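Work through the exercises below with the coordinates open. Try each task before reading its solution.

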Amino acid sequence: MNNTAKILWTTDNKETAMNMICLYAHNAKLKGWIGNVQILIWGASQGLVAKDKEVQEKIKQMIADGVEVIACKKCAEDLGVENELKSCDMQVYYTGELLSSWVKSGESIISV
C-alpha cells in the first residue's frame with residue numbers, strides 16, 4: 001500500500017491554496033492519514049507564495065511538521081522569486097526529473 005501523497009501545486013488562487021492544498025496536506029501529515037506528504041510548487045503558484053506572507057507562514061508550519069515542500073528552480077528563476085521561496089525553508093531545485101519520476105511511478109498525483 002502506498003503511503004505517500006504527491007501534490008502538484010500550480011494555481012495562484014489563494015483560497016484554493018489555503019483551503020485545499022495546505023489544509024489537506026498539513027492535516028494528512030499531522031493526523032497520520034498519509035505517512036509522507038510531498039508538495040511540488042510549479043508555475044503561477046510560486047508568485048502567490050513569493051508575495052503572500054500568510055501563505056509563506058503556512059508553508060513554514062507544514063515543513064516544520066514534516067511535509068516535504070519542493071519548488072521548481074527553473075520556474076523560480078523565470079519568475080524572479082527564488083530567494084523568497086528559499087526563505088520559506090523549502091527545497092528549490094530543478095524538478096523536471098522529479099515530476100517525471102512521479103508520472104512514471106503510476107501513483108496518484110493530486111494536481112491543483
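## Exercise 1: a long-range salt bridge

In this predicted model, the side chains of Lys14 and Asp52 form a salt bridge, with N and O 3.0 Å apart. Task: place both residues in the secondary structure and state what the pair ties together.

Solution.
- Step 1. Lys14 lies in helix 1, residues 14–30.
- Step 2. Asp52 sits in the loop between helix 2 (44–51) and helix 3 (53–64).
- Step 3. The pair therefore ties together parts that are 38 residues apart in sequence.
- Step 4. Now check accessibility. Lys14 has a relative accessible area of 24%, so Lys14 is partly exposed. Asp52 has 14% and counts as buried. The cut-off for buried is under 20%.

## Exercise 2: salt bridges within a helix

The structure holds 8 salt bridges. Task: take the pairs Glu57–Lys60 and Lys74–Asp78, and find how far apart in sequence the partners of each are.

Solution.
- Step 1. In the Glu57–Lys60 salt bridge, the closest N and O atoms are 3.5 Å apart.
- Step 2. Both residues belong to helix 3, 3 residues apart, which is about one helical turn.
- Step 3. Lys74 and Asp78 form a salt bridge at 3.0 Å, N to O.
- Step 4. Both lie in helix 4 (residues 73–79), 4 residues apart, again about one turn of the helix.
- Step 5. Recall the geometry: an α-helix has 3.6 residues a turn, so residues three or four places apart point the same way.
- Step 6. Compare with the accessibility classes. Glu57 is partly exposed at 41%. Lys60 is partly exposed at 26%. Lys74 is partly exposed at 43%. Asp78 counts as exposed at 54%.

Follow-up: which residues are linked with Lys73 in a network of salt bridges? They are Glu77, Glu82 and Lys86.

## Exercise 3: strand 3 and its neighbours

Task: find the strands that pair with strand 3, and decide whether strand 3 is enclosed or open.

Solution.
- Step 1. Strand 2 (residues 36–41) pairs with strand 3 in the parallel sense, over 4 bridges. Ile39 stands opposite Val69 there.
- Step 2. Strand 4 (residues 91–93) also pairs with strand 3 in the parallel sense, over 3 bridges. Here Ile70 stands opposite Gln91.
- Step 3. Count burial. Strand 3 spans residues 68–72, and 4 of its 5 residues are buried, so the rest of the structure largely encloses it.

## Exercise 4: the two sides of helix 6

Task: sort the named residues of helix 6 (residues 96–105) into buried and exposed.

Solution.
- Step 1. Leu98, Leu99 and Trp102 are buried. They cover an arc of only 95 degrees around the axis, so they lie on the same side of helix 6.
- Step 2. The face turned away from that side carries the exposed residues Glu97, Val103 and Lys104.
- Step 3. The buried residues pack against strand 1, strand 2, strand 3, strand 4 and strand 5 (109–111).
- Step 4. Just after helix 6, check the backbone: Gly106 takes a positive phi of about 75 degrees.

## Exercise 5: a loop threonine

Task: describe the surroundings of Thr11, in the loop between strand 1 (4–9) and helix 1.

Solution.
- Step 1. Thr11 is buried at 19% relative accessible area.
- Step 2. The Thr11 side chain reaches the backbone nitrogen of Asn13 at 3.0 Å.
- Step 3. Leaving out residues up to four places away in sequence, Thr11 touches Thr16, Ile21, Ser45 and Val112.

Technical notes
Residues are numbered from 1 along each chain as its sequence is written. This is a predicted model: local features need pLDDT of at least 70, side-chain atom pairs count only at pLDDT 80 or more; totals for chains, interfaces and linings use all residues. Side-chain values use heavy atoms; hydrogens and water are left out. Buried means under 20% relative accessible area, exposed over 50%, partly exposed in between (1.4 Å probe, protein chains only). Two strands pair if DSSP finds at least two bridges between them. A salt bridge is a side-chain nitrogen of Lys or Arg within 4 Å of a carboxyl oxygen of Asp or Glu. A polar contact is a pair of N or O atoms within 3.5 Å; within protein, one must be able to donate a hydrogen and the other to accept it, and residues adjacent in sequence count only if both atoms are side-chain atoms. Contact means heavy atoms within 4.5 Å. The arc is that of the directions from the helix axis to the C-beta atoms.
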